[in-house]
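Subject: Handing over the structure, with notes on what is in it

Dear colleague,

Please find the structure below, together with its sequence. Once you have it open in front of you, read the notes that follow slowly and look up each residue as it is named.

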Amino acid sequence: MRRVTRSLLLAVPPALLAGALFAAAPTALAADEAEVKKEGKEIAFNRRKGNCLACHAIDDGESPGTIGPPLFSMQQRFKSQADLRAQIWDATKRNPETTMPPFGRHGILSESDLDKVAAYIWSL
C-alpha cells in the first residue's frame, strides 16, 4: 500500500505541472498571434515597407489610396491565408495586368514580413 501511495504522490505533481503548461499554451499562442498581426499592421502601414495604404483603404489607415480594392472581409475573398499570402507574394499570377507589385518575387518584403502582413490582412 505504501508503494502505491508513494507512486501516486510522485506521479501527481508532474501531471499537474503538465496540465498547467498545456492550459497556458493557448494563451501564449493567442499572444503570439496578436503580436504577429500587430507587426504585420506596422509593416502594411509603413510607407517604406508594405505601403499597402498607397493603394488600399484599410480600417483606421490614414490617407489611403483608391487604386486597389478596400481591404476588408478578406476571409470571404480568399480561400485561405496561404492564398492571400500568394497574392501578396506575386499578384501577377492571378492577374498579369495588375499594378500591385510582386512583394515577394521582387524581394520588397522578406518571407517573415510577408507572413506577418498576410496574417494581419487575413484578420481584416
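At 46% relative accessibility, E33 counts as partly exposed, and this residue is a good place to begin. Before going further, please keep in mind that the model is predicted, and that the values in this email are computed from it.

E33 forms a salt bridge with K37, and the closest N and O atoms of the two are 3.1 Å apart. K37 is likewise partly exposed, with a relative accessible area of 26%. Both residues belong to helix α1, which covers residues 2–45, and they sit four residues apart, or about one turn of the helix. As a general point, side chains of opposite charge can pair when their charged atoms come close.

How many salt bridges does the count come to? The count comes to seven, and two others deserve a careful look, beginning with the one in which the side chains of K49 and D113 meet at 3.3 Å, N to O. K49 lies in the loop between α1 and α2 (74–77), whereas D113 lies in helix α4 (residues 111–122), so this pair ties together parts that are 64 residues apart in sequence. K49 counts as partly exposed at 37% relative accessibility, while D113, at 12%, counts as buried.

The other one joins D115 to R85, with the closest N and O atoms 2.5 Å apart. This pair also links distant parts of the chain, since D115 is in helix α4 and R85 is in helix α3 (residues 81–89), 30 residues apart. D115 counts as partly exposed, with 40% relative accessibility. If you follow the charged side chains a little further, you will find that R85, E111 and D115 are linked in a network of salt bridges.

Now for the helices themselves. The secondary structure of the protein chain comes to four helices and zero strands, and read along the sequence the pattern is α-α-α-α.

Is α4 largely enclosed or largely open? Nine of the 12 residues of α4 are buried, so this helix is largely enclosed by the rest of the structure. Among the buried residues of α4 are D113, L114, K116 and V117, and also Y120 and W122. You can check the length of α4 as well: at 1.5 Å a residue, its 12 residues should span 16 Å, and its end C-alpha atoms are 16 Å apart, which agrees.

V117 also gives you a way to see how parts of the chain that are far apart in sequence can meet in space, because E39 and V117 are 78 residues apart in sequence and yet 7.7 Å apart in space, C-alpha to C-alpha.E39 itself is found in helix α1 and counts as partly exposed, at 24% relative accessibility.

In α3, the buried residues are L84, R85, Q87 and I88. Seen down the axis of α3, these buried residues fall within an arc of 155°, so they line one face of the helix. What covers them includes α2 and α4.

Q87, which is found in helix α3, is buried, with a relative accessible area of 16%. Leaving aside residues up to four places away in sequence, Q87 touches F78, R94 and M100.

Q87 also leads to the largest pocket, where Q87 is one of the residues that lie nearest the centre, together with H56, P69, L71 and M100. The lining of this pocket is made up of 27 residues, and about 490 Å³ of space lies in the pocket. Which helix gives the most to the lining of the largest pocket? It is α3, with three residues, although α2, α3 and α4 each supply at least two residues of the lining. In general, rolling a probe the size of a water molecule over the atoms shows where empty space is left.

Finally, two values describe the protein chain as a whole. Of its 124 residues, 27% count as buried. Of the contacts with a separation of 6 or more, 44% are accounted for by residues 24 or more positions apart.

With best wishes

Methods:
Residues are numbered from 1 along each chain as its sequence is written. This is a predicted model: local features need pLDDT of at least 70, side-chain atom pairs count only at pLDDT 80 or more; totals for chains, interfaces and linings use all residues. Side-chain values use heavy atoms; hydrogens and water are left out. A salt bridge is a side-chain nitrogen of Lys or Arg within 4 Å of a carboxyl oxygen of Asp or Glu. Buried means under 20% relative accessible area, exposed over 50%, partly exposed in between (1.4 Å probe, protein chains only). The expected span of a helix is 1.5 Å times one less than its number of residues. The arc is that of the directions from the helix axis to the C-beta atoms. Contact means heavy atoms within 4.5 Å. On a 1 Å grid over the protein atoms alone, a cavity is a set of points where a 1.4 Å probe fits but cannot get out, and a pocket is an open set with protein on both sides within 12 Å along at least five of seven lines; lining residues have an atom within 4 Å of a point. Grid points are joined across faces, edges and corners, and a volume is the space filled by probe spheres set on the points.
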